[in-house]
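Biologist: I am still learning to read models like this one. Please take a close look at a single part for me, the interface, and then tell me what lies around it.

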Amino acid sequence: MASVYFDAATRRHKGNSEPSVDSVTLDIEDGEFLVLVGPSGCGKSTTLRMLAGLEPVDEGRILINGHDQKGVRPRDRDVAMVFQSYALYPNMSAEENMAFALRNAGVSKADAHARVMEAAQILELEKLLKRKPGQLSGGQRQRVAMGRAIVRNPKVFCMDEPLSNLDAKLRVSTRAQIAALQRRLGVTTVYVTHDQTEAMTMGHRVAVLRDGVLQQVDTPEALYDHPVNTFVAGFIGSPAINLIDATVQDGRAEFFGAAIPLERDKLGAAERVTVGIRPESWTIGDSLAKNGVALKVELVESLGAEVFVYGKPEAAGEDGPRLTVRTDKKHRPRDGEIVRVTPATEEVHVFDAGSGARL
Amino acid sequence: MTDTAAVTGFDSDEKPTGAHNAEAASFGGTGMKIAGYVGMVLVFLVVAGPLFWIVVTSVKERPDIYTQPAQWWPAHPTSDGYHSATTAIPFWDYFRNSVIITAILSIAKIVLGVMSAYALSLMRFPGRNLLFVVIIAALMVPNQITVISNYALVSQLGWRNTYQGIIIPLAGVAFGTFLMRNQFLSVPGEIIEAARLDGAGPLKLLWRVVLPMSWPTLIAFSIITVVNEWNEYLWPFLMSDDSRSGTLPIGLTHLQNNDGITNWGPVMAATVLAMLPVLIVFLALQRHMIKGLTAGAVKG
């Protein structure tokens with residue numbers, strides 16, 4: 001077990017003017033499950049590979065348990081990795097795959113077998129140990145890859161999108177299993193994903209990356225409730241938050257007929273702000289209510305328990321932004337209907353119109 | 001029927017049938033099938049004809065070899081050709097030389113090829129690509145150009161009529177390096193990274209992870225090497241005068257020079273005997289040249 005500290009770690013790939021990972025500083029506690037999330041190409045996998053020693057750190061440092069890892073070979077870092085493709089050895093059985101690292105480390109055959117059996121029991125792999133990867137299903141391979149990591153009892157687990165090759169149903173169940181396993185083993189884990197649902201459900205904390213720059217590290221709830229900028233607000237949450245340009249008048253942000261009171265001391269002299277309103281922060285009321293946006297419904301998506309209404313504000317015309325409103329199935333409007341939706345003032349996020357930073 | 005199967009073949013269970021039918025349809029009907037078989041028979045005749053003639057001639061009596069019209073089946077089969085082939089020249093000495101030289105050369109070439117390919121594909125060092133280009137350039141130089149200077153050097157060393165005189169100049173492996181390097185580069189990078197994280201050193205990485213995934217290519221390379229070395233003619237011919245270090249092809253030449261122009265029976269018999277070992281090696285190894293050894297390594 002170990003703590004991990006990224007100290008302004010930077011990675012520049014040859015031929016790119018911008019660094020792939022730009023001065024990331026991140027303190028991961030012993031036993032913590034940290035999720036690195038961001039769109040493709042944001043540098044999250046590179047960050048993970050730097051920790052595993054598969055990519056060099058060009059500037060800054062990475063410390064494991066306070067020790068600088070510069071020049072330490074991957075095999076000497078005591079870091080186990082689960083790859084997106086699983087990267088199992090096709091010529092070895094599941095048991096040999098899991099025991100490979102132990103045997104390389106000089107563990108006796110009997111001890112290695114005992115540890116493999118223990119891991120196989122946790123992962124329900126006992127009956128599959130003699131099979132080769134080619135004879136296993138995707139989910140089983142994924143579990144062997146997990147087993148290969150846990151038998152080593154490493155300081156740190158690195159997981160690079162380990163669920164992305166599974167089908168949707170298996171992904172949900174495996175997600176819960178991995179999170180439970182991590183809590184049981186208590187090994188510091190860094191988990192990379194582009195799926196914000198995985199990020200929100202699995203991690204103790206979530207780090208959001210964009211273009212190699214760390215945007216925000218916080219608990220899933222804090223990320224959702226207090227995003228530091230429009231990027232984090234837009235990335236976390238599904239369906240995405242509504243980001244609306246609003247004009248400031250008399251200390252209120254006004255948009256499409258609705259008005260939100262703003263805190264003057266934070267606002268400064270800004271004339272425009274970006275207002276972020278989550279789909280569930282609206283209420284659909286009757287069309288005569290005050291302080292609401294008249295929304296022309298274009299599409300209604302019913303997921304069973306909840307209903308998402310997509311539409312354009314009447315005041316904005318055809319070119320206006322498309323807004324998403326969540327409602328329950330009792331208040332399901334029809335396509336083409338005009339409904340008045342009212343934002344819950346206390347749940348509205350206000351961002352600087354230029355920089356996108358939270359006000 | 002074919003069309004409907006191909007159209008409805010989007011369901012995953014139906015796919016193989018659909019694809020198979022579509023393939024069959026694209027090759028047309030009976031006409032194409034017949035043309036295919038005719039092609040196969042032609043190729044078979046071109047390849048098997050001379051072989052058949054060698055075997056038949058080896059068991060003919062001397063007068064039956066030169067007759068008009070040609071005898072397609074020996075009228076009086078005899079093993080005299082085989083007897084005289086193994087007694088007129090020290091056949092088994094040549095055979096022993098061939099086995100020793102082929103074995104040492106093949107092992108040397110395979111080991112050197114695999115090791116150099118490993119270094120050029122999986123290890124990082126400055127000038128790696130330049131070195132690879134130099135090796136490929138060596139592949140482009142025809143054998144005949146280097147043969148004179150090699151001869152001068154080796155005879156100066158006093159290595160004529162010795163095994164090392166034949167083996168060492170032939171042990172260069174540009175082809176094996178090229179072939180195995182490209183094979184190693186096709187091994188998924190994540191597996192190599194996984195092995196490195198699992199604490200595998202360079203030799204273990206090669207032996208336990210990379211080579212087992214490269215068997216088909218390695219077997220193909222081994223077969224090519226064994227056959228080439230067994231049949232190597234020019235250099236052993238220049239290096240050896242007699243059965244002290246001469247290989248079977250040299251023995252065949254001596255046999256032909258003795259009485260070959262008039263008596264082809266023993267020459268053909270010796271040819272059959274010289275072919276058998278490589279044929280056995282080939283048949284034993286070729287079943288290992290199967291694909292799909294990387295199944296299940298990455299993704300599904």
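Modeller: Happily! Between chain B and chain A there are eleven residue pairs in polar contact, with both residues at pLDDT 80 or more. A polar contact is a pair of N or O atoms within 3.5 Å; within protein, one must be able to donate a hydrogen and the other to accept it, and residues adjacent in sequence count only if both atoms are side-chain atoms. Keep in mind that this is a predicted model, where local features need pLDDT of at least 70 and side-chain atom pairs count only at pLDDT 80 or more, while totals for chains, interfaces and linings use all residues. Residues are numbered from 1 along each chain as its sequence is written, chains are lettered from A and ligands numbered from 1 in the order in which they are written, and side-chain values use heavy atoms, leaving out hydrogens and water.

The interface of chain B and chain A also holds three salt bridges (a side-chain nitrogen of Lys or Arg within 4 Å of a carboxyl oxygen of Asp or Glu). One of them joins Arg49(A) to Glu193(B), whose closest N and O atoms are 2.6 Å apart. On the side of chain B that touches chain A, two elements give two or more residues: α11 (189-197) and α12 (202-210) of chain B. Helices (H or I, at least four residues) and strands (E, at least two) are DSSP runs, numbered from the N terminus. The largest share of this side of chain B, seven residues, belongs to α11(B). Sorted by class, the side of chain B has twelve nonpolar, five polar and seven charged residues. Here Ala, Val, Leu, Ile, Met, Phe, Trp, Tyr, Cys and Pro count as nonpolar, Asp, Glu, Lys and Arg as charged, and the others, Gly among them, as polar.

Now for the extent of the interface. Contact (heavy atoms within 4.5 Å) links 24 residues of chain B with 26 residues of chain A. The two chains bury about 2200 Å² between them, with 55% of it on carbon and sulfur atoms. Buried area is the accessible area (1.4 Å probe) that two parts lose on being put together, summed over both.

Next, step inside chain A. The domain assignment, automatic or from a database, gives domain 1 (4-235) and domain 2 (242-352). Their C-alpha centres lie 39 Å apart. The contact takes eight residues from domain 1 of chain A and six from domain 2 of chain A. These domains bury about 590 Å² between them, 60% of it on carbon and sulfur atoms. In domain 1 of chain A, Tyr224(A), Thr230(A) and Ala233(A) lose the most area to domain 2, together 72% of what that side buries. Zero salt bridges are counted between the two domains, but three residue pairs are in polar contact, both residues at pLDDT 80 or more.

Finally, a stop in chain B: Lys109(B) sits in helix α6 (residues 91-122). Lys109(B) counts as buried because its relative accessibility is 15%; buried means under 20% relative accessible area, exposed over 50%, partly exposed in between (1.4 Å probe, protein chains only). The side chain of Lys109(B) reaches the backbone oxygen of Leu170(B) at 3.4 Å. Leaving aside neighbours within four places in sequence, Lys109(B) is in contact with several residues, including Val173(B), Phe221(B) and Glu229(B).
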